[in-house]
Amino acid sequence: MDGEEWEVPLPDSAEPPSATSADEPGDEPEGASALESETVRLTSPLHEAVRQRVIVLAAETAGQLPLIQLPATLRPFARFAPAKRARLAGTPLAAAVETDTVFRERIADRVREAFPEVVTAFDAGVFPAAADPRDVAALAYLVRPVGWPELVEEAELAARAAERA
């Protein structure tokens, strides 16, 4: 070339997480597939309290990731404290969780480490009755076990019933 350096653009979230990546076709949970997890959607928006829990978990994780692993829209907020990041970057965090599978998987990896009992219950197909239903909904939304939309809806219904009681 003419002596100039060229910068190679990186995708928004370089280097996908390895802990949960399925390297072999049979590595997916029974009944799940990569395509299925990408095409399954909720029938309604998340309840606001559940959305806030998702944003808080995303804000905490974003602060622990190297800058290169953050979606480009979140990089300006990288040095903020988690609470400030959640408050000022709530919409970009929510959008990144919804649209950036690699970023959501990074959050899910942290959730699996922090809440192994809840994730074990998900894997067993059991609703974790002792956990706050809004936490269950947020964690299911992030981890996306088999049948996660129904689990999120069930948890949100349980939370609303608890409010009325």
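# A tour from a ring and its charge to the helix crossings

Begin by selecting Lys-84 and Phe-80, where the charged end of Lys-84 sits over the ring of Phe-80, 4.7 Å from its centre. Keep in mind while looking at these side chains that this is a predicted model.

With Phe-80 still selected, add Phe-77 to the view. The structure holds two aromatic pairs, and Phe-77 and Phe-80 form one of them, an edge-to-face arrangement with 5.7 Å centre to centre and 80 degrees between the planes. Is each of these rings buried or partly exposed? Phe-77 counts as buried because its relative accessibility is 18%, under the 20% limit, whereas Phe-80, at 25% relative accessibility, counts as partly exposed.

Next, select Tyr-141 and Trp-148 for the other ring pair. Their ring centres are 5.9 Å apart and their planes stand at 75 degrees, so this pair is edge-to-face. Tyr-141 is buried, with a relative accessible area of 5%, and Trp-148 is buried as well, with a relative accessible area of 4%. Adding Arg-144 brings in a charge, for the charged end of Arg-144 sits over the ring of Tyr-141, 4.6 Å from its centre.

Now switch to a cartoon of the whole chain. The secondary structure comes to eight helices and zero strands, so that reading along the sequence gives the pattern α-α-α-α-α-α-α-α. Buried residues make up 36% of the 165 residues in the protein, and of the contacts with a separation of 6 or more, 71% are between residues 24 or more positions apart.

From the cartoon, select helix α2 (residues 48–64) together with helix α5 (residues 101–114), which pack at an angle of about 95 degrees with their axes 10 Å apart. That angle makes α2 roughly perpendicular to α5. Showing side chains here, one finds Leu-57, Ala-58, Thr-61, Ala-62 and Gln-64 on the α2 side, meeting Phe-103, Arg-106, Ile-107, Arg-110 and Val-111 of α5. By class, this contact of α2 with α5 has six nonpolar, two polar and two charged residues.

Within that contact, centre the view on Thr-61, whose place is in helix α2. Which residues does Thr-61 touch, not counting residues up to four places away in sequence? They are Arg-106, Ile-107 and Arg-110. Thr-61 is itself buried, with a relative accessible area of 4%.

Keep α2 on display and exchange α5 for helix α4 (residues 90–99). The axes of α2 and α4 come within 9 Å and cross at roughly 90 degrees, and these two helices are therefore roughly perpendicular to each other. On the α2 side the contact is made by Arg-51, Val-54, Ile-55, Ala-58, Ala-59 and Ala-62, and on the α4 side by Gly-90, Thr-91, Leu-93, Ala-94 and Val-97. The residues of this contact of α2 with α4 divide into eight nonpolar, two polar and one charged. Ala-58 and Ala-62 are worth labelling, since they appear among the α2 residues that meet α5 and also among those that make the contact with α4.

Finish on Ala-95, which lies in helix α4. Ala-95 counts as partly exposed, at 38% relative accessibility. For a last distance, select Thr-73 too: the C-alpha atoms of Ala-95 and Thr-73 are separated by 9.4 Å, while the two residues are 22 residues apart along the chain.

Technical notes:
Residues are numbered from 1 along each chain as its sequence is written. This is a predicted model: local features need pLDDT of at least 70, side-chain atom pairs count only at pLDDT 80 or more; totals for chains, interfaces and linings use all residues. Side-chain values use heavy atoms; hydrogens and water are left out. Rings of Phe, Tyr and Trp (its six-membered ring) pair if their centres lie within 6.5 Å; planes under 30 degrees apart count as stacked, over 60 as edge-to-face and the rest as tilted. Buried means under 20% relative accessible area, exposed over 50%, partly exposed in between (1.4 Å probe, protein chains only). A charge sits over a ring if NZ of Lys or CZ of Arg is within 6 Å of the ring centre and within 35 degrees of the ring normal. Axes are lines fitted to C-alpha atoms, for helices over the stretch in contact, and angles run from 0 to 180 degrees between N-to-C directions. Helices (H or I, at least four residues) and strands (E, at least two) are DSSP runs, numbered from the N terminus. Angles under 35 degrees count as roughly parallel, over 145 as roughly antiparallel, 65 to 115 as roughly perpendicular and the rest as oblique. Contact means heavy atoms within 4.5 Å. Ala, Val, Leu, Ile, Met, Phe, Trp, Tyr, Cys and Pro count as nonpolar, Asp, Glu, Lys and Arg as charged, and the others, Gly among them, as polar.
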